[in-house]
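Q: Got a minute to walk me through this one? I'd like the charges, then the fold, then a few odd spots.

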Amino acid sequence: MYQGATFDLNLTWNVAGTPVNLTSYSARMQVRSTFDASTSVLSFTSGSGITLGGTAGTILVEATAATTAGVAVGQYVYDLELVSAGSAVTRLIQGNLTLDPEVTR
């Protein structure tokens with residue numbers, strides 16, 4: 001992720017090559033300095049930074065340039081979870097995130 005730049009993450013959740021119908025799902029994603037940090041530096045939910053694509057199984061996570069500009073440069077951790085209508089939680093992805101500094105302002 002680049003500080004001061006728009007961030008877009010596009011995914012499609014497939015099982016055995018078939019997109020999962022996300023119509024009844026919600027999604028959430030948080031970015032934290034460490035796994036056990038009490039606060040997140042970025043937080044996304046369905047309708048607030050995350051758009052689910054229904055039967056196409058697509059997931060779009062977006063952050064504006066103003067949002068990324070407000071995050072300190074550094075190393076972070078994240079995960080993206082999908083929650084079914086029955087409250088089953090699936091952690092779709094997780095990992096490390098590097099926020100690189102902005103040079104041009």
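A: Sure. For the charges, Lys and Arg count as positive and Asp and Glu as negative, while His and the chain ends are left out. One caveat up front: this is a predicted model.

Q: OK, how many positive and negative side chains does the protein have?
A: There are 4 positive and 7 negative ones. The centres of the two sets lie 6 Å apart.

Q: And what does the exposed surface come to?
A: About 6000 Å² is exposed, and carbon and sulfur atoms supply 51% of that.

Q: Switching to the fold. What's the secondary structure made of?
A: One helix and nine strands. Going along the sequence, the order is β-β-β-β-β-β-β-α-β-β.

Q: What are the dimensions of the C-alpha trace?
A: Along the principal axes, the C-alpha trace spans about 40 × 30 × 25 Å.

Q: How much of the protein counts as buried?
A: 30% of the 105 residues.

Q: What about sequence separation in the contacts?
A: If you take contacts between residues at least 6 apart in sequence, 62% of them join residues at least 24 apart.

Q: Let's look at β8. Which strands does it pair with?
A: Residues 74-83 make up β8, and 10 bridges join that strand to β9, residues 89-99, with the two running antiparallel. Strand β4, residues 26-32, also pairs with β8 in the antiparallel sense, over seven bridges.

Q: Is β8 enclosed or open?
A: Largely enclosed by the rest of the structure, because seven of its 10 residues are buried.

Q: Can you give me some register for those pairings?
A: On the β9 side, Leu82 has Thr90 as its bridge partner, and Glu81 stands opposite Arg91. On the β4 side, Arg32 has Val77 in β8 as its bridge partner.

Q: What happens in the hairpin between β8 and β9?
A: Five residues sit between the strands, and Ser87 takes a positive phi there, near 75 degrees.

Q: Why would I care about the sign of phi?
A: Most residues other than glycine have a negative phi. Ser87 is a residue other than glycine with a positive value.

Q: Is Ser87 buried or exposed?
A: Exposed: its relative accessible area is 55%, which puts Ser87 past the 50% cut-off.

Q: Where else is there a positive phi in a residue other than glycine?
A: Ala16 is one of them, with phi near 55 degrees. Its place is in the loop between β2 (14-15) and β3 (18-19). Ala16 counts as exposed because its relative accessibility is 81%.

Q: Back to β9 for a sec. What does Leu92 touch?
A: Leu92 is in strand β9. Not counting residues up to four places away in sequence, Leu92 touches Trp13, Ile59, Leu80 and Leu82.

Q: How far along the chain is Trp13 from Leu92?
A: They're 79 residues apart along the chain, and their C-alpha atoms are separated by 8.0 Å.

Q: With those neighbours, how exposed is Leu92?
A: Its relative accessibility is 24%, so Leu92 counts as partly exposed. The cut-off for buried is under 20%.

Q: New topic: the N-terminal end. Where is Gln3 found?
A: In the segment before β1, which covers 7-12. Gln3 counts as buried because its relative accessibility is 17%.

Q: What does its side chain reach?
A: The Gln3 side chain reaches the backbone oxygen of Val71 at 3.0 Å.

Q: And which residues is Gln3 in contact with?
A: Leaving aside neighbours within four places in sequence, the contacts of Gln3 are Thr68, Ala69, Val71, Ala72, Val73, Leu99, Asp100, Pro101 and Glu102.

Q: How about Gly4, buried or partly exposed?
A: Partly exposed, at 21% relative accessibility. Gly4 lies in the segment before β1, and it touches Ala65, Thr68, Ala69 and Glu102 if you skip residues up to four places away in sequence.

Q: Which residue 101 places along the chain comes up with Gly4?
A: That's Arg105, with the C-alpha atoms of the two separated by 8.2 Å.

Note on methods: Residues are numbered from 1 along each chain as its sequence is written. This is a predicted model: local features need pLDDT of at least 70, side-chain atom pairs count only at pLDDT 80 or more; totals for chains, interfaces and linings use all residues. Side-chain values use heavy atoms; hydrogens and water are left out. Helices (H or I, at least four residues) and strands (E, at least two) are DSSP runs, numbered from the N terminus. Buried means under 20% relative accessible area, exposed over 50%, partly exposed in between (1.4 Å probe, protein chains only). A polar contact is a pair of N or O atoms within 3.5 Å; within protein, one must be able to donate a hydrogen and the other to accept it, and residues adjacent in sequence count only if both atoms are side-chain atoms. Contact means heavy atoms within 4.5 Å. Two strands pair if DSSP finds at least two bridges between them. Accessible areas come from the Shrake-Rupley method with a 1.4 Å probe; for residues, only the protein chains shown count as cover. The place of a charge is taken as NZ of Lys, CZ of Arg, CG of Asp or CD of Glu.
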